[in-house]
Amino acid sequence: MKFSVGVEYAIHCLLYMVNSEEGKSVGIRDLATFQGISETYLSKVYAKLSKSGIIKSIPGVKGGYVLARSAEEITFWDVVEAVEGSEPFFQCAEIRQNNILLDKDNLPDTHTKCPCLIKVVMLEAEDEMRKYLRNKTLAWLYDQVYNKILPKEMKDATIEWFNNSKK
């Protein structure tokens, strides 16, 4: 299992939207320029975030995107699911039923009615990851980055850059 770079792009860019001035949207071009990433690819990622209700688009010349929900309500898992989809990561192919020693026309209950133990373990692991990522919100990330990691001058410069980018 591997998340696409779109998940990273999305979370980084959503982070910059948390502290947007009230009523001011942030454009794809500004987000892509600030991060040094592809505007085209980010547009595709943002289309998925919009479809999932994480952000909403604001039309017009000064349009762009705003968070559709509060940062406290947007989890890392919401972003992963929006960008990657909701299919389970592990897809069991039931290869145990291909065992050369089994009669294919009369498979035992252990191979047809009981779940594959490998599948059970993999889905439990995925569920644990999902639970963990649901406990990490955009608000948590904002607090960690802007209040504990970045120097105040970098936080202020970032906020100012986005606030002045459309003027």
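Two rings of Phe, Tyr or Trp (for Trp, the six-membered ring) make an aromatic pair if their centres lie within 6.5 Å; planes under 30 degrees apart count as stacked, over 60 as edge-to-face and the rest as tilted. With that in hand, here's a cluster to look for: Tyr16, Phe34, Trp161 and Phe162 form one aromatic cluster.

A word on the model. It is predicted, so local features need a pLDDT of at least 70 and side-chain atom pairs count only at pLDDT 80 or more, while totals for chains, interfaces and linings use all residues. Residues are numbered from 1 along each chain as its sequence is written, and side-chain values use heavy atoms, with hydrogens and water left out. The pLDDT is the predictor's confidence in each residue, from 0 to 100. The protein averages 89, and 89% of the residues score at least 70. Among its elements, helix α4 (residues 76-84) has the highest mean pLDDT, 98, and helix α5 (residues 109-112) the lowest, 61. Helices here are DSSP runs (H or I, at least four residues), as are strands (E, at least two), numbered from the N terminus.

Now to helix α2, residues 28-35, where Ile28, Asp30, Leu31 and Ala32 are buried. Buried means under 20% relative accessible area, exposed over 50%, and partly exposed in between (1.4 Å probe, protein chains only). The cover over these buried residues includes α1 (5-17), α3 (39-51), β2 (64-67) and α8 (152-164). Just past the helix, glycine 36 has a positive phi of about 70°.

What does α2 meet in α8? Asp30, Leu31, Thr33 and Phe34 of α2 touch Thr158, Trp161 and Phe162 of α8, where contact means heavy atoms within 4.5 Å. So Phe34, Trp161 and Phe162 turn up both in this contact and in the aromatic cluster. The two helices pack at an angle of about 145°, with their axes 10 Å apart; axes are lines fitted to C-alpha atoms, for helices over the stretch in contact, and angles run from 0 to 180 degrees between N-to-C directions.

Across the whole structure, a search finds 11 aromatic pairs. Here are two of them:

| Pair | Centre to centre | Between planes | Type |
|---|---|---|---|
| Phenylalanine 76 and tryptophan 140 | 6.2 Å | 65° | edge-to-face |
| Tryptophan 77 and phenylalanine 89 | 6.2 Å | 90° | edge-to-face |

Phenylalanine 76 sits in helix α4 and tryptophan 140 in helix α7 (residues 138-149), 64 residues apart. Phenylalanine 76 is buried at 17% relative accessibility, whereas tryptophan 140 is partly exposed at 33%.
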